[in-house]
Amino acid sequence: MILVTGGAGYIGSHYVLYERNRGNKVVVLDSMVYGHRGAVKDVPLVVGDMGDRLTLDRLFNKYPIDAVVHFAAFAYVGESVTDPEKYYNNNVRSTLSLLDAMRQYGVRNFIFSSSCATYGNPKYVPMDEKHPQNPINPYGESKFFCEKIMNAYDKAYGLRYAALRYFNASGSDPDGNIGESHDPETHLIPIALQVASGMRDKMTIFGDDYDTPDGTCIRDYIHVLDLAQAHSLALERLRDGGESSYYNLGSETGYSVREIINVCEKVSGKAIPVEMGPRREGDPPRLVASSAKAKRELGWEPKYTDIEAIIRHAWNWETNRKY
Ligand code: UFG
């Protein structure tokens, strides 16, 4: 059985859906600070904090857990700069507490939600896993520190892990049962679609003076269910005796902010009024993944590689939100 922390959040809930559709058994642990009850269907949900040892003891005693997929974390980059304590405490300390419980209960397989934010400003694109890790904000650092801890726990205690460094998670369940819902929302695609749906009047493009063809930032958008598939494959590999490793997960294609807004207009059939604003602090001009390693070693085959399909799924959700 798989313990999924943060399984009521955006990426975690799509992973739970993916495993459930394959008939695999999961139990979700979520603090519900940012999670949604409607995102967790037909699987046990334990509401609690990972820092609370009693909650972890109860979970590991009650369920036959042999693997942990750890999504739970705070993920607002800007907030991590203004309130680093929240990020180091939650993202690092609670991961430590989870790893220590795993050690005690003899659970060795660990899949970790890492981020391209662990690389910091790109020295080259597409970025492979050999790119130096030099995070530039406490959010990226918190994920980087966790990777370091996992590495040490592997050497010392035999932990087996896969650190999955996501680029920009996007899209939602094509059936529209679950989707992306952040409060506050800060991500480009949901914001653009909320303007299209009339929930917002307009949006701001954060900078059009970057060294890119249209001056706006370029990102690599990867469908959340393709991320889910990679977690599942990474876990299979560990269960089959694979070594610890780390993988970049992206579509290997970059789109500028303007291009994404254009696709959002096309998919929604609505005009999206934009105003130009200053650069957002900490935004690198261009982030694009090389995911060759995940494809080669995990057999990962992203299914939703068309940006229009990704945005169509997000639009279906945005116009029929369940939470
Ligand atoms: N953007 C706008 N206007 C908006 C929102 C976003 O112009 O209203 C721009 C951003 O400046 C950026 C691009 O759209 O250039 C994408 O921004 P997102 O906030 O959607 O996503 P990020 O690229 O900032 O994502 C980052 C990292 C992830 C990390 C995530 C945490 O790439 O690794 O933040 O939420 F996990």
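A residue belongs to the shell around the ligand when one of its heavy atoms lies within 4 Å of the ligand. The exercises below concern a predicted model.

**Exercise 1. Determine which strand gives the most residues to the shell around the ligand, and describe the make-up of that shell.**

Solution.

Step 1. Begin with the residues themselves. The ligand is surrounded by 22 residues, and the closest are Ser115, Thr204, Arg219, Arg280 and Asp283.

Step 2. Assign shell residues to secondary structure elements. At least two residues of the shell come from each of helix 6 (188-196) and strand 8 (203-206). The greatest contribution is that of strand 8, with 3 residues.

Step 3. Sort the shell by residue class. There are 14 nonpolar, 5 polar and 3 charged residues in it.

Step 4. Place the shell within the chain. Domain 1 (2-169 + 221-249) and domain 2 (188-219 + 252-318) each provide at least three of its residues.

**Exercise 2. Identify the polar contacts of the ligand with Thr186, Thr204 and Arg280, and state how much of the ligand the protein covers.**

Solution.

Step 1. Apply the cut-off: a polar contact is a pair of N or O atoms within 3.5 Å.

Step 2. Consider the backbone partners. A polar backbone atom of Thr204 is 2.8 Å from a nitrogen atom of the ligand. A polar backbone atom of Thr186 is 3.4 Å from an oxygen atom of the ligand.

Step 3. Consider the side-chain partner. In Arg280, an N or O atom of the side chain lies 2.7 Å from an oxygen atom of the ligand.

Step 4. Turn to the ligand surface. On its own the ligand has 690 Å² of accessible area, of which the protein covers 91%.

**Exercise 3. Describe how domain 1 and domain 2 are arranged relative to each other.**

Solution.

Step 1. Establish the bounds. The domain assignment gives domain 1 as 2-169 + 221-249 and domain 2 as 188-219 + 252-318.

Step 2. Take the separation. The centres of the two domains, taken over C-alpha atoms, are 24 Å apart.

Step 3. Examine the contacts. In domain 1, 27 residues are in contact with 27 residues of domain 2.

**Exercise 4. Explain why helix 6 is described as largely enclosed by the rest of the structure.**

Solution.

Step 1. Recall that a residue is buried when its relative accessible area is under 20%.

Step 2. Apply this to the helix. The buried residues of helix 6 are Leu188, Ile189, Pro190, Ile191, Ala192, Leu193, Gln194, Val195 and Ala196.

Step 3. Draw the conclusion. Because 9 of the 9 residues of helix 6 are buried, the helix is largely enclosed by the rest of the structure.

Step 4. Name the packing partners. The buried residues of helix 6 pack against strand 7, strand 8, strand 10 (221-223), helix 8 (257-268) and helix 10 (307-319).

Step 5. Note what follows the helix. After helix 6 comes Gly198, which has a positive phi near 95°.

**Exercise 5. Characterise the surroundings of His14 and Ser172.**

Solution.

Step 1. Locate the residues. His14 belongs to helix 1 (residues 10-21), and Ser172 lies in the loop between strand 7 and helix 6.

Step 2. Classify their accessibility. His14 counts as buried because its relative accessibility is 0%. Ser172 has a relative accessibility of 1%, so it also counts as buried.

Step 3. Find the polar partners. A polar atom of the His14 side chain lies 3.0 Å from the backbone nitrogen of Asp173. A polar atom of the Ser172 side chain lies 3.0 Å from the backbone oxygen of His313.

Step 4. List the contacts. With neighbours within four places in sequence left aside, His14 is in contact with residues including Ser172, Ile178, Gly179 and Val224. Under the corresponding exclusion of residues up to four places away, Ser172 touches, among them, His14, Glu180, His223, Ala314 and Trp317.

**Exercise 6. Locate the cis peptide bonds before Pro126 and Pro184, and the positive phi angles of Met32 and Asp42.**

Solution.

Step 1. Treat the peptide bonds. The bond from Val125 to Pro126 is cis, with omega near -10°, and Pro126 sits in the loop between strand 5 (109-115) and helix 5 (138-157). Asp183 and Pro184 are also joined by a cis peptide bond, with omega about 5°; Pro184 is in the loop between strand 7 (168-170) and helix 6.

Step 2. Treat the phi angles. Met32, although not a glycine, has a positive phi of about 65°, and it is placed in the loop between strand 2 (26-30) and strand 3 (45-47). Asp42, likewise not a glycine, has a positive phi of about 60° and is found in the loop between strand 2 and strand 3.

Step 3. Add the accessibility of Asp42. With 68% relative accessibility, Asp42 counts as exposed.

Definitions and conventions:
Residues numbered from 1 in each chain as written. Predicted model: local features only at pLDDT ≥ 70, side-chain atom pairs only at ≥ 80, totals over all residues. Heavy atoms only, no water. Polar contact = N/O pair within 3.5 Å; in protein donor to acceptor, adjacent residues only side chain to side chain. Areas by Shrake-Rupley, 256 points an atom, 1.4 Å probe, with all protein chains shown as cover. Helix = DSSP H or I, 4+ residues; strand = E, 2+ residues; numbered from the N terminus. Nonpolar A, V, L, I, M, F, W, Y, C, P; charged D, E, K, R; others polar. Domains from an automatic or database assignment. Buried < 20%, exposed > 50% of the residue type's maximum accessible area, 1.4 Å probe, protein only. Contact = heavy atoms within 4.5 Å.
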